[in-house]
Amino acid sequence: MDLGLQGKRALVCASSKGLGLGCAEALAAEGVDLVMNARGHDALKAQADRLRAEHGVEVQTVACDVTTPEGQAQVIEAAQGVDILVTNAGGPPPGLWSDWDREDFIKALDANMLTPIALMKALLPSMMDRGWGRVVNITSQSVRAPIAVLGLSNAARTGLTGYVAGTARQVAPYGVTINNLLPGIHATDRADSLDAGVSAQKGISLDEARAERAATIPARRYGTRQEFGATCAFLCSQHAGFIVGQNILLDGGATNLTM
């Protein structure tokens with residue numbers, strides 16, 4: 001299927017590894033030029049070099065923390081005129097409801113709600129002027145079914161979801177769509193970190209912790225960055241213009257919902 005993305009340009013945040021990298025890979029394979037962002041310069045450069053070589057696309061890198069005002073300014077300057085925005089940031093640490101204070105919530109909101117909003121505010125107007133654009137926010141399955149130990153993430157990402165629900169309907173008349181991808185457990189560093197915590201808490205091996213978690217997923221496995229990226233690329237495609245303000249689960253069936 002031709003996704004109609006050849007020659008488009010995309011900003012993909014946190015794209016040196018994990019789900020962000022999966023999205024960058026899938027878009028590059030469709031001929032999309034990239035602005036790639038991540039905090040670590042070396043890993044970001046290595047992946048950018050690889051995607052240039054494999055797909056012949058232009059790739060600009062911006063190594064910074066996009067959750068800070070300074071980082072946002074750098075990324076927004078580099079991404080002026082992009083057709084596609086993929087927002088992504090690592091989730092806040094797990095814990096108990098009694099662990100978190102105001103400052104913890106402020107950090108979570110800055111990273112997982114206010115940063116995507118700032119990027120959308122900066123980049124949506126030019127998409128609207130051109131009559132075409134795509135925004136995909138990588139959020140979490142926890143906005144559909146909260147995960148108790150991820151209360152900071154539950155709160156911040158649900159706030160973003162509410163913002164998108166209203167904003168998506170306002171920009172849709174201009175040919176711009178905004179949707180959210182809600183990952184469950186994928187084979188990423190985030191999963192490794194969570195599994196390591198379970199391993200330490202229960203006194204079991206990392207492999208045992210992974211197997212235990214995989215057994216709770218109807219698909220009986222973790223997702224891959226490649227299949228996540230393919231879904232992102234489809235949402236960015238010419239075929240997805242009638243998908244507006246949706247929250248799409250990619251969780252192997254782990255979230256037990258009727259709708």
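The following exercises, each with a worked solution, concern the predicted model shown above.

Residues are numbered from 1 along each chain as its sequence is written, and side-chain values use heavy atoms, with hydrogens and water left out. Because the model is predicted, local features need pLDDT of at least 70 and side-chain atom pairs count only at pLDDT 80 or more, while totals for chains, interfaces and linings use all residues.

**Exercise 1. The whole protein**

Task: Describe the secondary structure, overall dimensions and surface of the protein.

Solution.

Step 1. Begin with the secondary structure. The protein contains 8 helices and 7 strands; helices (H or I, at least four residues) and strands (E, at least two) are DSSP runs, numbered from the N terminus.

Step 2. Consider the dimensions. The C-alpha trace spans about 55 × 40 × 40 Å along its principal axes. The radius of gyration is taken over C-alpha atoms, and the globule rule is 2.2 Å times the number of residues to the power 0.38. For 259 residues this rule gives a value near 18 Å for a compact globule, and the protein, at 18 Å, agrees with it.

Step 3. Turn to burial and contacts. Buried means under 20% relative accessible area, exposed over 50%, and partly exposed in between (1.4 Å probe, protein chains only). By this measure, 47% of the 259 residues count as buried. Contact means heavy atoms within 4.5 Å. Among contacts with a separation of 6 or more, 72% join residues 24 or more positions apart.

Step 4. Examine the surface and the charges. The protein exposes about 12,000 Å², of which carbon and sulfur atoms supply 54%; the areas come from the Shrake-Rupley method with a 1.4 Å probe, and for residues only the protein chains shown count as cover. There are 22 positive and 26 negative side chains, and the centres of the two sets lie 4 Å apart. Here Lys and Arg count as positive and Asp and Glu as negative, while His and the chain ends are not counted; the place of a charge is NZ of Lys, CZ of Arg, CG of Asp or CD of Glu.

**Exercise 2. Helix α1 and its surroundings**

Task: Determine the length of helix α1, and state whether α1 is enclosed or not.

Solution.

Step 1. Compare the length with expectation. Helix α1 covers residues 18-29, which is 12 residues, and reaches 17 Å from its first C-alpha to its last, close to the expected 16 Å. The expected span is 1.5 Å times one less than the number of residues.

Step 2. Assess the burial. Since 10 of its 12 residues are buried, α1 is largely enclosed by the rest of the structure. Among the buried residues are Leu19, Cys23 and Leu27.

Step 3. Take one residue of α1 in detail. Gly20 lies in this helix and counts as buried at 0% relative accessibility. Beyond its neighbours within four places in sequence, Gly20 contacts Val12, Cys13, Ala14, Ser15, Asn88 and Ile138. Gly20 and Ala38 are 18 residues apart in sequence, and their C-alpha atoms are 9.3 Å apart.

Step 4. Move past the helix. Gly31, just after α1, takes a positive phi of about 85°. Val32 belongs to the loop between α1 and β2 (33-38) and is buried, at 0% relative accessibility. Not counting residues up to four places away, Val32 touches Leu5, Lys8, Arg9, Ala10, Leu27 and Val57.

**Exercise 3. Two residues with positive phi**

Task: Place Ala14 and Arg220 in the chain, and classify each as buried, partly exposed or exposed.

Solution.

Step 1. Ala14 is in the loop between β1 (9-12) and α1. Although not a glycine, Ala14 has a positive phi of about 50°. Its 26% relative accessibility makes Ala14 partly exposed.

Step 2. Arg220 is in the loop between α7 (206-214) and α8 (225-235). Arg220 is likewise not a glycine and has a positive phi of about 60°. With 55% relative accessibility, Arg220 counts as exposed.

**Exercise 4. Two buried helix residues**

Task: Locate Leu51 and Ser199, and list their contacts beyond the neighbours within four places in sequence.

Solution.

Step 1. Leu51 sits in helix α2 (residues 41-55) and is buried at 0% relative accessibility. Its contacts are Ala24, Glu25, Leu34, Met36, Gly56, Val57 and Val59.

Step 2. Ser199 sits in helix α6 (residues 189-202) and is buried at 14% relative accessibility. Its contacts are Ile204, Ser205, Leu206 and Ala209.
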